Amino acid sequence: MRKPLLASALLLAGLATASAQTATPNAGGASPATPVPGQPATMADNLRPTFVVQTPDDRVASKLIGTSVVNGANETIGQIADIVLDEKNAVKSWVIGVGGFLGLGSKYVAVDPSVVTLNRTDDKTLQARIDTTKDQLRAAPEYIYLGKEPPKGATPANPAGDPAQKP
């Protein structure tokens, strides 16, 4: 019996409060506020994202991964395996997969972006070019992705400087 009585009292108190709010004049005049039809929510112009359209000379990262890397003698010496960005979204390094067969046994080497040149061979195909040999890339230190175990026999990576192996 108490619960229905309490619920009724709360309902009446809510109705009295609502009617008192609609009876008070608005801040700008003596008449009550007129209801405004609903409108979709919008963002202020300064909060809108800037959208861009792809142009034919853009280089899309998804198309770069797997691109063959050739040297000055036009020999294929590896493939782009990954692209590392810094905190300002600039390319920090290109990770190149070297050696292996069909992706097995590959070693990952990170190279400075200034040593890699990207050229279009046609409207759809990009080619990466670097002035080095396959043997020099094989001799380079292995890029190890953070959070992964280093290869067997390798010295442990310095957490402050060396990256860890690819997932």
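**A walk through the sheet and its cores**

Hi everyone, let's begin at one residue: T67 sits in the loop between α2 (61-64) and β1 (68-70). Helices and strands here are DSSP runs, numbered from the N terminus, with H or I over at least four residues for a helix and E over at least two for a strand. Before going on, please keep in mind that this is a predicted model, where local features need pLDDT of at least 70, side-chain atom pairs count only at pLDDT 80 or more, and totals for chains, interfaces and linings use all residues. Residues are numbered from 1 along each chain as its sequence is written, and side-chain values use heavy atoms, with hydrogens and water left out.

Back to our residue. Is T67 buried or exposed? T67 is buried, with a relative accessible area of 8%. Buried means under 20% relative accessible area, exposed means over 50%, and partly exposed is in between, using a 1.4 Å probe and protein chains only. A polar atom of the T67 side chain lies 2.8 Å from the backbone oxygen of L64 and one lies 3.1 Å from the backbone oxygen of K63. Not counting residues up to four places away in sequence, T67 touches G78, Q79, I80, L126, Q127 and A128; contact means heavy atoms within 4.5 Å.

Now let's step back. The protein has three helices and six strands, and along the sequence the pattern reads α-α-β-β-β-β-β-β-α.

How are the six strands ordered in the sheet? The sheet is open, with the order β4-β3-β2-β1-β6-β5 and mixed pairing. Because β4 (107-111) and β5 (116-120) stand at the edges with a single partner strand each, one side of each has no neighbour in the sheet. From one strand to the next, the twist averages 40°. For angles like this, axes are lines fitted to C-alpha atoms, for helices over the stretch in contact, and the angles run from 0 to 180 degrees between N-to-C directions.

As a reminder, strands of a sheet pair through backbone hydrogen bonds, either parallel or antiparallel. Two strands count as paired if DSSP finds at least two bridges between them. Strands β2 (residues 76-85) and β3 (residues 91-98) are antiparallel, with six bridges, and I83 stands opposite W94 in β3. Over on the other side of our tour, β5 and β6 run antiparallel with five bridges. They form a hairpin with five residues between them, and V116 has I130 in β6 as its bridge partner.

Remember W94, please. Which residues touch the most other members of the largest nonpolar core? Of its 17 residues, they are W94 and V111. A nonpolar core is a set of buried Ala, Val, Leu, Ile, Met, Phe, Trp, Tyr and Cys residues joined through side-chain atoms within 4.5 Å. At least two residues of this core come from each of β2, β3, β4, β5 and β6 (126-130). Another core, of six residues, lies apart from it, with V84, V95, Y108 and Y145 among them.

One last stop: T132, in the loop between β6 and α3 (134-139). T132 is buried too, with a relative accessible area of 13%. Its side chain makes a polar contact of 2.5 Å with that of Q136. A polar contact is a pair of N or O atoms within 3.5 Å; within protein, one must be able to donate a hydrogen and the other to accept it, and residues adjacent in sequence count only if both atoms are side-chain atoms. Thanks for listening!
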